[in-house]
Amino acid sequence: MTIVTGVTVRVPAKLNLQLAVGPPRADGYHDLVTVFHAVSLYDEITAEPAGRDGVTVGGEGADRVPADGDNLALRAVAALRAAVPSAPGVHITIAKRIPVAAGLAGGSGDAAAALVACNELWDGGLGQPQLLDIAAQVGSDVAFALLGGTAVGRGRGEQLTSALAPATQYHWVLAFADGHLSTPAVYAALDRQRARAGGDVAPEPELDSALMSALRSGDARLVGRALSNDLQPAALSLFPALRKTLAAGLELGALGALVSGSGPTCVFLAASADRALDLAASLSGAGVCRSVARASGPVPGAAIVSPAR
Ligand code: C5P
């Protein structure tokens, strides 16, 4: 019998290819219809037995991640413990590559990875349906980080249906901003913008059939044209410099451009891996963002990388 001393899980960042936001609900959240898409930019989480629960965070933006009970990965551990009551203490080490507060669901991904790692470490034996339920309690985007791929999210984003799409890989360029946006602040800015614009309450969000048929066709050009994000005007109002970033990417030949989730990361779809390479180099030279990265998607959700299975 092998004694497992630590379990390492890697988890992808997410983009929202569509983010349609309804009116605010009584619980402070907004009903959404969103098309999630997992891309090949990963955080890594290691869970090891420890006297008591704790977390250490290293890598990109680590100083902005809480290292106490507010840490989403530790909140996930606490939520999982309710289902695995005899579980011992665990130390979580997070190696971040997904920028923090960037609209890429890095924190939610870390929580999903912690669920997968601890379920394995504790021999919890929970299946994906149970993990998805626990994930939904921890945060709106956590369940998708477990699932990965391309999926439609409803409710707060936690009610998921996988989108059956052809095996097309899309090539993305991500432009990381010199600054951060708080998700609640961006939703609040959208509510204010809508209130100022007058009219009735925001319409119920609906899935964009043009985007879904573009995804079914696997035609990146059509997908690029159909990208949409209701939070984008709110993110731009709080972070006006992003307009320049989006415009630069489109001028440089991106098939589509949008703010990712609540921002401030801007994402650009390229026609091929080579075009993504060119676009990344040109964007980085244009001085319209802090740094750039390339990523492809869809990729699977949180998965154990060690011990090898
Ligand atoms: O669920 P999560 O903790 O990731 O959400 C962060 C914040 O984003 C919420 O507190 C809320 O202000 C906002 N939010 C929202 N509607 C959603 C998802 C998030 O208003 N569907």
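Tutor: A polar contact is a pair of N or O atoms within 3.5 Å. Keep in mind that this model is predicted.

Student: What makes serine 140 a polar contact of the ligand?

Tutor: A polar side-chain atom of serine 140 lies 2.5 Å from an oxygen atom of the ligand. The cut-off is 3.5 Å. So the pair counts as a polar contact.

Student: How do you know that histidine 30 makes one with the ligand?

Tutor: Use the cut-off again. One of its polar side-chain atoms is 2.7 Å from a ligand oxygen atom. That is within 3.5 Å, so this pair counts too.

Student: Which atoms pair up at arginine 156?

Tutor: Here a polar backbone atom of arginine 156 is 3.1 Å from a nitrogen atom of the ligand. The protein buries 76% of the 450 Å² that the ligand exposes when taken alone.

Student: Where does the ligand sit?

Tutor: In the largest pocket. Two elements each give two or more residues to the shell around the ligand: strand E2 (30-49) and helix H5 (183-197). H5 gives the largest share, three residues.

Student: Why is the ligand said to lie between domain 1 and domain 2?

Tutor: Because both domain 1 (7-164 + 299-304) and domain 2 (170-297) give residues to the shell around the ligand.

Student: What makes a residue part of the group around the ligand, and which are they?

Tutor: A heavy atom within 4 Å of the ligand. The residues include Gly28, Tyr29, Leu32, Thr183, Pro184 and Tyr187. By class, the shell has four nonpolar, five polar and one charged residues.

Note on methods
Residues are numbered from 1 along each chain as its sequence is written. This is a predicted model: local features need pLDDT of at least 70, side-chain atom pairs count only at pLDDT 80 or more; totals for chains, interfaces and linings use all residues. Side-chain values use heavy atoms; hydrogens and water are left out. A polar contact is a pair of N or O atoms within 3.5 Å; within protein, one must be able to donate a hydrogen and the other to accept it, and residues adjacent in sequence count only if both atoms are side-chain atoms. Accessible areas come from the Shrake-Rupley method with a 1.4 Å probe; for residues, only the protein chains shown count as cover. On a 1 Å grid over the protein atoms alone, a cavity is a set of points where a 1.4 Å probe fits but cannot get out, and a pocket is an open set with protein on both sides within 12 Å along at least five of seven lines; lining residues have an atom within 4 Å of a point. A molecule sits in a cavity or pocket if more than half of its atoms lie within 2 Å of its grid points. Helices (H or I, at least four residues) and strands (E, at least two) are DSSP runs, numbered from the N terminus. Ala, Val, Leu, Ile, Met, Phe, Trp, Tyr, Cys and Pro count as nonpolar, Asp, Glu, Lys and Arg as charged, and the others, Gly among them, as polar. Domain bounds come from an automatic or database domain assignment.
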